[in-house]
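Thanks for making the time this morning. I would like to walk you through one model, and I will try to keep apart what the coordinates give and what a record adds.

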Amino acid sequence: MKETVAPNATHEQVGRFVPYNGSSDSLYLSEAPPLPLNPWDVVLCVSGTIISCENAIVVAIIFYTPAFRTPMFLLIGSLATADLLAGLGLIFHFAFVYCIQSQVVNLITVGLLVCSFTASVGSLLTITIDRYLSLYNALTYYSERTVTRTYVMLIVTWGISICFGLLPVMGWNCLKDNASCSIVKPLTKNNLVILSVSFFMVFAMMLQLYVQICKIVCRHAQQIALQRHFLATSHYVTTRKGISTLAVILGTFASCWLPFAIYCLLGDYTYPALYTYVTVLPATYNSMINPVIYAFRNQEIQKVLWTICCGCISSTMPFRSRSPSDV
């Protein structure tokens, strides 16, 4: 049976992913007239393009460089892959919303976005765990057990992310019940609450791990200062630098994701669409910042980039194996 458009349906009620304005007479359509271009969707598409380009470079470097087969770079590669998929998801969503207004296509793109952003946050947690263990178990870090643990963390992270992404595709959506919609249609309110609570659990674990990392860094810096007879000021500068780096990493993650996670719990599908755009945009910026923090600051990746760009460094130059705590 051919679907029809409600007479008063707006461009935010037809075939859209974000946001939803809650009109009860809107219908989700497989065919509809061309939608007026929304500037917020354009900004999200541009962000997705930048995210895709950045992370594609990181993925290509790690994939084509044999020296980058260590657990640390596998986790960075997982993060870059998740962010790459998130960027592509934003681009596909923009293209499909304004070109192919279909329930199936929209659900697939929403599932891709949920899966990729969940994997991105999960990969950040695995990197934090890896950094902590590299300091806590420094003597046994470079062992087969670390490789096995890395693969287990990656399998668990991507397994959970794929499950979350499949939920709206497999039927847990609000296409047939507008009252159950969240601020992000077609995700249900319960679905978004679960995702938000999961985020807060990950954030709490990362916060606890970084607190422990700070304690270890301070203790190591003090021991080195005593052994080498450094001045107190030198110890203070070294410790402050390490703690500042960790604060920037955690602060960036929190500032990007906390507004959207909080709004997911407090917001309702009747709230203005502007609120959803304002909170979801910083969350996408986290995938734009991740390559800078976790990849482009790495000296080995910098060497490969310089080699590719201008051939300043020989491609046969050996790489120094670094601990995740150095990154």
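I will begin with confidence, go on to the overall fold, and then take two helices in turn.

Please keep in mind that this is a predicted model, with an average pLDDT of 81 and 78% of the residues scoring at least 70. Over residues 1-18 the pLDDT falls below 50, although that stretch still makes 58 contacts in the model beyond its near neighbours in sequence. Residues 313-321 are also below 50, and there the corresponding number of contacts is 15.

As for the fold, the protein has eight helices and zero strands, so that is the whole inventory of secondary structure elements to keep in view. Of its 327 residues, 47% count as buried, and among contacts with a separation of 6 or more, 76% join residues that are 24 or more positions apart. The accessible surface comes to about 16000 Å², and carbon and sulfur atoms contribute 70% of that area.

Let me turn to helix α1, residues 39-64. Its 26 residues should span 38 Å at 1.5 Å a residue, and because its end C-alpha atoms are indeed 38 Å apart, the expected and modelled spans agree. At the N-terminal end, Asn38 acts as a cap, with a side-chain oxygen 2.9 Å from the backbone nitrogen of Trp40. The buried residues of α1 include Leu44, Ile51, Val58, Ile61 and Ile62, but also polar or charged ones such as Asp41, Glu54 and Asn55. What covers these buried residues includes α2 (71-99), α7 (273-296) and α8 (299-310).

Helix α4, residues 144-169, also has 26 residues, and its reach of 38 Å from first C-alpha to last is close to the 38 Å expected. Among its buried residues are Met153, Leu154, Trp158 and Phe164, together with Thr146, Thr150, Thr157, Gly165 and Pro168. Just after α4, Gly171 takes a positive phi of about 130 degrees.

Finally, the record. An unreviewed UniProt entry places the feature "transmembrane region" at residues 40-65, 72-98, 104-129, 150-172, 192-211, 243-262 and 274-296. How much helix does the model show over residues 150-172? There the chain is 87% helix and 0% strand, with end C-alpha atoms 31 Å apart, whereas over residues 274-296 the chain is 100% helix and 0% strand, with end C-alpha atoms 33 Å apart.

How values were computed: Residues are numbered from 1 along each chain as its sequence is written. This is a predicted model: local features need pLDDT of at least 70, side-chain atom pairs count only at pLDDT 80 or more; totals for chains, interfaces and linings use all residues. Side-chain values use heavy atoms; hydrogens and water are left out. Helices (H or I, at least four residues) and strands (E, at least two) are DSSP runs, numbered from the N terminus. The expected span of a helix is 1.5 Å times one less than its number of residues. Buried means under 20% relative accessible area, exposed over 50%, partly exposed in between (1.4 Å probe, protein chains only). Contact means heavy atoms within 4.5 Å. A polar contact is a pair of N or O atoms within 3.5 Å; within protein, one must be able to donate a hydrogen and the other to accept it, and residues adjacent in sequence count only if both atoms are side-chain atoms. UniProt positions are given in the numbering used here, feature names are shortened, and annotations may be inferred rather than shown by experiment. Accessible areas come from the Shrake-Rupley method with a 1.4 Å probe; for residues, only the protein chains shown count as cover. pLDDT is the predictor's confidence in each residue, from 0 to 100.
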